[in-house]
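Open the structure in your viewer and keep the selection tool at hand. We will go from stop to stop together.

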Amino acid sequence: MSEVDVLFATLRQAADPRTVECIENVVIHGLDRDLNRINALAFADKHHLDEEKTIAAFLHAARIGVFEMTWNVLCPGCGGVLDSGATLKGVVQDTYHCALCAAGYEPTLDEMVEVTFTVNPRVRRIAAHEPDLLPPLEYYRQIFFSSGVDLPENLEAKFARIMLEMIELAPGEKAFVSLQLPAHFVIIFDAVTHSAQFIDVKGEPTDERQNLSMVISRGHALNETLTLRPGLLRLTLENHSDRRVVPNVCVAGDDLHELLGRRRGFLTAKRLLTNQSFRDIYRTDTLDVDQRLKITSLTFLFTDLRGSTALYERVGDLAAFDLVRAHFRVLHEIVATEAGAVVKTIGDAVMATFPSPDRAVAAALRMRQAMLRLNAEHGSDDLLLKIGIHEGPCLAVNLNDRQDYFGQTVNIASRVQGLADPNVIMTTEAIVGDAQVSEILRNSGISSASRMEELQGIGREVRIFALS
């Protein structure tokens, strides 16, 4: 067997066989482009696969060396990749600036950090392993734009409608370009160094030649927007960087906005951090101790067993331990199948995260039914589960050598669980106000009763809802 055969044989033991078969087929027969910065969600959709199983398969494949995992900081405006690294530890700036959009953004893990997978060169060499050798437009497609930008297959034809010029410049090279400026807003942009120059072309056309020089370098600062007149422009471009650059001159009109406006879902850092397979595989190798990364919306679910101390007294240590262990096993399975992850257990309590409120509520309803079944099997009501759910902003942090979360949202979720009665799911307005949660409750025939409560340590009253 070849090394690649051995890797995929190993992968089949760890991940869903059908998903692995699709991945192996693309690795062997797919285009080079198909194996660079793979969007796991788009891959699942294209091959009609389960998203969670697909994410898990790519994670296992990256762990054994079939793929290299990349964390990319994105511009939410144009979808360009502003920074890239092998781990989340590389996201260290307070603000990331996009020259193409002329805007700065504070990074959040919800929309601004994607996770992609590129085939390992040991498995198969592809053109993107040497990006400076890619054709210019292919560099834009495969390197500059994120996997969340749904670029058309006929990108060349689409881009030709907006592009006035595109050239390649080797390190230290200078080029002179003559072109006709139309009466539109024009952008000169290089995808390698992210150098940009805006030109507002307006006024009466001129027969006189206009001149413009632009230096392309890593430290290039966005210049003020220039105003020129429609007509001939003699453009001088100088590459002061140590890499090949691929500047283009394009019209920033409706065609460009339509091209960049085509978006699709992608694997966000938030979704990956709250994925059980990721936490199991990568454990503490996620964040540095000094990192504090923002998540604008994450759903927390806390559980606890009521009267567990009395349970040990009543049935004995061994029987109680087996019951509690069975309860943990069931909760872990439910959390994982609802796209969540168990952050930690504290005594008989569980703290879990979910990417959206509906997933957490679905998990909570399943947990409640599972505990009723376990009690029925043992002929007693020993497992009395209390559940609390809340959603909101938080910080992803590294605490006690564990990827954890910090903030008021976490505190509220914990306090809400503390108010729950056994077999009653306690939530906040942020949860029941979610449209998908409302649909779940309506379809399940679940009623809710609300009241105002002042939560300990929160300092204000919060409306809570009991789902029964």
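In which sense do β17 and strand β19 pair, and over how many bridges? Select residues 425–428, which make up β19, and show them together with β17: the two strands pair in the parallel sense, over three bridges. For one of the pairs, click G388, whose bridge partner in β19 is M426. Keep in mind throughout the tour that this is a predicted model.

**Stop 1: around β17**

Now select the whole of β17, residues 385–399. Of its 15 residues, 12 are buried, so β17 is largely enclosed by the rest of the structure. Next, add residues 293–305, which form strand β14. β14 and β17 run antiparallel and are joined by 11 bridges. To find one of these pairs, pick L298 and look for G392, its bridge partner in β17.

Then move on to β18, residues 402–406. Five bridges join β18 to β17, and these two strands run antiparallel. Here you can pick N398 and find its bridge partner Q403 in β18. β17 and β18 form a hairpin, with two residues between them. Zoom in on N400 in that turn: its phi is positive, about 55 degrees.

While the strands are on screen, here is a general point to remember. In a regular strand, the side chains alternate between the two faces of the sheet.

**Stop 2: a sheet of three strands**

Select β7 (174–181) and β10 (206–216), then add β12, residues 231–239. These strands make an open sheet in the order β7-β12-β10, with mixed pairing. Why is one side of β7 and of β10 left without a neighbour in the sheet? Both stand at the edges and each has a single partner strand, so one side of each has no neighbour there. From one strand to the next, the twist averages 20 degrees.

Look along β7 and β12, which pair in the antiparallel sense over eight bridges. Click Q180 and then L232, its bridge partner in β12.

**Stop 3: a buried helix**

Is helix α5 largely enclosed or left open? Select residues 136–144 to see α5: nine of its nine residues are buried, so the helix is largely enclosed by the rest of the structure. Among the buried residues are P136, Y139, R141 and F144. To see what surrounds them, show β2 (81–85), α6 (155–160), β6 (163–166), β8 (185–190) and β13 (247–251), against which the buried residues of α5 pack.

**Stop 4: two loop residues**

Go to H48, in the loop between α3 (40–46) and α4 (51–64). H48 is not a glycine, yet its phi is positive, about 55 degrees. Turn on the surface here: H48 is exposed, with a relative accessible area of 65%.

Then jump to A102, in the loop between β3 (96–98) and β4 (103–105). A102 also is a residue other than glycine with a positive phi, near 55 degrees. At 37% relative accessibility, A102 counts as partly exposed.

**Last stop: the whole chain**

Zoom out and show everything. The chain has 15 helices and 21 strands, and its C-alpha atoms fill a box of roughly 95 × 60 × 40 Å along the principal axes. Of the 468 residues, 54% are buried. Finally, colour the charges: the mean positions of the 47 positive and 63 negative ones are 1 Å apart.

Conventions: Residues numbered from 1 in each chain as written. Predicted model: local features only at pLDDT ≥ 70, side-chain atom pairs only at ≥ 80, totals over all residues. Heavy atoms only, no water. Helix = DSSP H or I, 4+ residues; strand = E, 2+ residues; numbered from the N terminus. Buried < 20%, exposed > 50% of the residue type's maximum accessible area, 1.4 Å probe, protein only. Lys, Arg positive; Asp, Glu negative; His and termini not counted. Charge placed at Lys NZ, Arg CZ, Asp CG, Glu CD. Pairing = 2+ DSSP bridges. Axes fitted to C-alpha atoms, helices over the stretch in contact; angles between N-to-C directions. Contact = heavy atoms within 4.5 Å.
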